[in-house]
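Please open the model in a viewer with selection by chain and residue number enabled. The tour below proceeds stop by stop, stating at each one what to select and what is to be found there.

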Number of protein chains: 4
Amino acid sequence: MHLQSLLDDIASKSSALAAKGKVADYIPGLAQVDPNRFGMAVATVEGELLGTGDWLVPFSIQSISKVFTLVLALALDGDKLWSRVGREPSGDPFNSLVQLEHERGIPRNPFINAGALVVTDRLLSLEEDAFGTLLSFLRHESGQPDLDTDQEVARSEAEHGHRNAALAHFMASFGNLENSVDRVLDHYFRQCAIAMSCADLAEAGLFLARHGLRRDGSRLLSPSQAKRVNAVMLTCGTYDTAGDFAFRVGLPGKSGVGGGILAIIPGRCSLCVWGPALDPSGTSLAGVDALDRFTTLTGWSVF
Amino acid sequence: MHLQSLLDDIASKSSALAAKGKVADYIPGLAQVDPNRFGMAVATVEGELLGTGDWLVPFSIQSISKVFTLVLALALDGDKLWSRVGREPSGDPFNSLVQLEHERGIPRNPFINAGALVVTDRLLSLEEDAFGTLLSFLRHESGQPDLDTDQEVARSEAEHGHRNAALAHFMASFGNLENSVDRVLDHYFRQCAIAMSCADLAEAGLFLARHGLRRDGSRLLSPSQAKRVNAVMLTCGTYDTAGDFAFRVGLPGKSGVGGGILAIIPGRCSLCVWGPALDPSGTSLAGVDALDRFTTLTGWSVF
Amino acid sequence: MHLQSLLDDIASKSSALAAKGKVADYIPGLAQVDPNRFGMAVATVEGELLGTGDWLVPFSIQSISKVFTLVLALALDGDKLWSRVGREPSGDPFNSLVQLEHERGIPRNPFINAGALVVTDRLLSLEEDAFGTLLSFLRHESGQPDLDTDQEVARSEAEHGHRNAALAHFMASFGNLENSVDRVLDHYFRQCAIAMSCADLAEAGLFLARHGLRRDGSRLLSPSQAKRVNAVMLTCGTYDTAGDFAFRVGLPGKSGVGGGILAIIPGRCSLCVWGPALDPSGTSLAGVDALDRFTTLTGWSVF
Amino acid sequence: MHLQSLLDDIASKSSALAAKGKVADYIPGLAQVDPNRFGMAVATVEGELLGTGDWLVPFSIQSISKVFTLVLALALDGDKLWSRVGREPSGDPFNSLVQLEHERGIPRNPFINAGALVVTDRLLSLEEDAFGTLLSFLRHESGQPDLDTDQEVARSEAEHGHRNAALAHFMASFGNLENSVDRVLDHYFRQCAIAMSCADLAEAGLFLARHGLRRDGSRLLSPSQAKRVNAVMLTCGTYDTAGDFAFRVGLPGKSGVGGGILAIIPGRCSLCVWGPALDPSGTSLAGVDALDRFTTLTGWSVF
């Protein structure tokens, strides 16, 4: 089957899963999204870009942003980051404080909220204009010069951000923040509120399928670093359902409560699916189903 | 470089790691093993078998046995097993009871002790002679008709088995054991005490690199099942250091406190390393180092 | 009001609480008890003994037995016991393993099951016939030479004792048991299955109101030891609702899932109430209500 | 022995304990206090006031302030408070977030920091000038019209207040704060920084020994409310060492990291000890020793 008809076929089946989930409702900007939206895009290492459904409609990337701040911090600072954040699955929900208390302010991995706050904090120390660096990277890789944060969503995030503020203050109390809590949170809420389409995200994540090479052929990460980021995505990318995601999909992936999932098939392609209705752990139901079908139908998997 | 000289090279470097670790000492049968032993074997899907160092010396396979009971239970019973054991990384040590209490007797995954006890329990319900089935499978795949349990080690395990007895009774209190605690423990201690060499284990695990096909070409698992077992090995195979193992080695792997690690490169080969000196989480120090070198030097990785 | 009419009045009101609770149902011997039973007895330091309702009907004393094994161990062995068991409220249910894992096999206090198993274990080491010692103490203090264990209940406890077996094996794995798990459990199940009436228990506990003096005037505990046992009863006697019990009743007390509660007013009297319908934490609903009324009406309280 | 010589005798012995502890050092205002300071005061229900050592020297009352905000909130609002904060011992350190996550933002009791923040929050809702109300209460009861907050200490608390900010934001995320996090923290840091002497505190706490009656004979709490506050002090007043405090001292007590402890003997007297060197849980070493000696020598105890 052609890749295009395969994607169309998946769309027709997976989009039905929306009925079983619930759109994130903690801020208006997410609660108002139509749960029946569905999009999927594939960007191949050969340069092909295909999609189906709402694959060109921008949505709130939320925690998928954590992948990009992580790779930028690694690219700038190498392995030093790992003294301040682990790379173990947490076994806990994405916003848990329990593990943080037991392990004295060192988050388990860079994809739970606490870990992402540490990564953002590091990026703020490394780059004068950290947010500009992030935005310009995403614009360049996706080829979308207008890509930006949804200010309304960012403001809402800040208003409903008590849990993240608790995480940041908690880490600060252990000395694991270099910048002020307010500065870190401001950046974090803005990075989560960036709006991108499936096509944009598939393009922007392609360097992870290309062993570290950016769109223009320049090297962002060494092959070893790219491999390691993929490993962390596989073990930690979907929080306390990472094991189930690996079991069903078998790919490195990172979800966001906006309903997007970015997944990587090293050496082949990057994929992005969008379906705003979530399972209880905050991962897109239609998205996991679509990726499950994709790997089953193509036989492409890392295992 | 030839695979053989590559293995020899790795052996000369990784074996030095023994000095930084500690041999498991909770039973005499393990405590007496020379920490400086080192062996490594590779079995390729093309049928090649190579090794270096003590690759033909049998050692106590311990928790590596959990892979084989799991696949036998899945082969006999399909997905039903997953209602009694999860497939999420636990984020806790291999013998923790904490998670079990919070999640009402359902172990997080089949590779922590509690989960392996459930798998063994299921196998005992499915097969009249469960231990015979396991032994005959291992003998056939490794081509070693004399392969057996070290009775002395099994007896020691039972004598020092209070923690596992606690786990079994605890699950029984939640109704998650079908057989008597004594029967399950007896099988469990014997399966952990099986003695095999790196060569034996690499051969016995090869079906996971061959997408489910056994040595004689018969099918043990469907490709999808084999993929899923590999996924669970990657996310859960080394307990609370699974994330770090994925980060450094990037392969599905299963460790045992006897110092062995079985690792799989799907479509290519299975590997077994042995180095009895362990890190604090109970994983072979030389073993992880050797696998790290192997994937770096060959560029073979799932990511 | 006379004490007798006060007790009768309380009985008429508190016994109605039975409708809101649930009889312990994990073993037949407890499940078959009529939830509407209600009895209450008061034994004063002046030697008076009064009661109301079913105050002469024997019931299963269950965890109230923990008070008596504790004082016998303290009387024989002094403060040495406290190296193996703490005296802090646990904040967890009576049969939790979580705290035990975090604190390496040292139970928080002697009234949670794990702590009571340690106390029983110690008593078994101190006394050749530990159970005989316990029984003879209870018979003497209550003046009931025929008082004994209900063998049927003891057998049922053993059959449904996986959780306690898990606790005992778990502590054994940390080296915090001196006798075999089987021996400790056997004693523990028998001590919990002792049948006594409210009158018997009020008499048997009177030494705690008499600052350590037994019925015959001999000294069991020093005044300081008696004060300390009362303190531990107040902070730990009703598990994770000890704070609420202190708040409402304001007395040292110890509950059992048979529906009994023993409470002490130092210098004045000991009280025992029985009402088999329990709240979710395993404490008698009518019992707490009756003690609450008693302290309110008499103004007798430690605070 | 006269009470005065008894106090002098205790002072000469207990003050030596200072050598074994450590002054709180997280803010300069506390770190600079001389660890060898020692004071003790007794205020009897008959109106006597005695003291020894540094009993007239003001120190930072810290968490002892939690008793006063609690009783003011109860006096104004009755039992409604208990829907937002429990009254169970936490079994965790005073600033733990773990329990708060498991129990969805409801603190275990009003004496751990989280619970005290909820009480402060409630007081801010009940009283336009909550801090003025607190200060005027303390001034009146102690007879010290100049008693006030140490502004320097309050400012330091705010600068080092990340852990408390984390607790406040965390509870806000569960909807368990009525006022802004900043407003609650500001009040909390100021109440903790109030400076009072042993004499002042013993006088200010006397209403708890007088079953709710203030210095001027007016009623602050009903006898039942006073009894309940004493019960909560006994079970929760010294955090995760409350059981040990009850065991050794046997009195309702509340400690602060400034080194003070307020203790109550209902119907008799209130006591305050001050010794800045703390045990690891944050309780004055000399203070506990002095109270232990006092209850042993006088035989005054609640048990």
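Two strands are said to pair if DSSP finds at least two bridges between them. The coordinates under inspection are those of a predicted model.

**Stop 1: a hairpin in chain A**

Select residues 39-44 and 49-53 of chain A, which are strands β2 and β3. These strands pair in the antiparallel sense, and five bridges connect them. To find one facing pair, label Gly39(A); opposite Gly39(A), in β3(A), stands Gly53(A). The two strands make up a hairpin, with four residues between β2(A) and β3(A). Within that turn, pick Gly47(A), whose phi is positive at about 100°.

**Stop 2: the sheet around the hairpin**

Extend the selection to the sheet that contains these strands. In what order do the strands of this open sheet of chain A follow one another? The order is β3-β2-β9-β8-β7, five strands with antiparallel pairing. At the edges lie β3(A) and β7(A), the latter covering residues 253-255, and each of them pairs on one side only. Direction ignored, neighbouring strands in this sheet are turned against each other by 10° on average.

Now select residues 260-265 and 269-274 of chain A, that is, β8(A) and β9(A). This antiparallel pair is joined by six bridges. Label Ile261(A) and look across to β9(A), where Val273(A) is its bridge partner.

**Stop 3: a helix across the sheet**

Add residues 3-14 of chain A, helix α1. Helix α1(A) lies across β2(A) and β3(A), and runs at about 25° to β3(A).

**Stop 4: an unusual backbone angle**

Select Gln62(A), in the loop between β4 (59-60) and α3 (65-77) of chain A. Its phi is near 50°, a positive value in a residue other than glycine. Is Gln62(A) buried or exposed? Gln62(A) counts as buried because it has 23 C-beta neighbours inside 10 Å, where 20 or more are required.

Switch to chain B and select Gln62(B), which is placed in the loop between β4 (59-60) and α3 (65-77) of that chain. Gln62(B) is not a glycine, yet it has a positive phi of about 50°. Gln62(B) also has 23 C-beta neighbours inside 10 Å and therefore counts as buried.

**Stop 5: chain A as a whole**

Display chain A alone. Its secondary structure comprises 14 helices and 10 strands. Along the principal axes, the C-alpha atoms of chain A fill a box of roughly 55 × 40 × 35 Å. For 303 residues, a compact globule would have a radius of gyration near 19 Å, and the 18 Å of chain A agrees with this. Of the 303 residues in chain A, 62% are buried. When contacts between residues at least 6 apart in the sequence of chain A are considered, 68% of them join residues at least 24 apart.

**Stop 6: chain A against chain D**

Show chains A and D together. How many residues does each chain bring to the contact? Chain A contributes 12 residues and chain D contributes 12 residues. On the chain A side, α4 (98-102) and α8 (162-173) each supply at least two residues. Helix α8(A) gives the largest share of that side, eight residues. By class, the side of chain A that touches chain D consists of six nonpolar, four polar and two charged residues.

Chain A is superposed on chain D by a rotation of 180° with 0.0 Å of shift along the axis, at an RMSD of 0.0 Å. Select Ala166(A): of the residues of chain A, its C-alpha comes closest to the rotation axis, at 1.9 Å. The copies meet through the same surface, because 100% of the interface residues of chain A are also interface residues in chain D.

**Stop 7: the remaining chains**

Show chains A and B. A turn of 180° and a shift of 0.0 Å along the axis lay chain A on chain B with an RMSD of 0.0 Å. These two copies are therefore related as by a two-fold rotation axis. Of the interface residues of chain A, 97% are also interface residues in chain B, so the copies meet through the same surface.

Finally, display chains A and C, which no contact joins; their closest C-alpha atoms lie 10 Å apart. Chains B and D likewise have no contact joining them, with their closest C-alpha atoms 10 Å apart.

Notes
Residues are numbered from 1 along each chain as its sequence is written. Chains are lettered from A and ligands numbered from 1 in the order in which they are written. This is a predicted model: local features need pLDDT of at least 70, side-chain atom pairs count only at pLDDT 80 or more; totals for chains, interfaces and linings use all residues. Two residues are in contact if their C-beta atoms, placed from the backbone, lie within 7 Å. Ala, Val, Leu, Ile, Met, Phe, Trp, Tyr, Cys and Pro count as nonpolar, Asp, Glu, Lys and Arg as charged, and the others, Gly among them, as polar. Copies are superposed by least squares on the C-alpha atoms of residues with pLDDT of at least 70 in both. The radius of gyration is taken over C-alpha atoms; the globule rule is 2.2 Å times the number of residues to the power 0.38. A residue is buried if 20 or more other C-beta atoms lie within 10 Å of its own, exposed if 12 or fewer, and partly exposed in between; C-beta atoms are placed from the backbone. Axes are lines fitted to C-alpha atoms, for helices over the stretch in contact, and angles run from 0 to 180 degrees between N-to-C directions.
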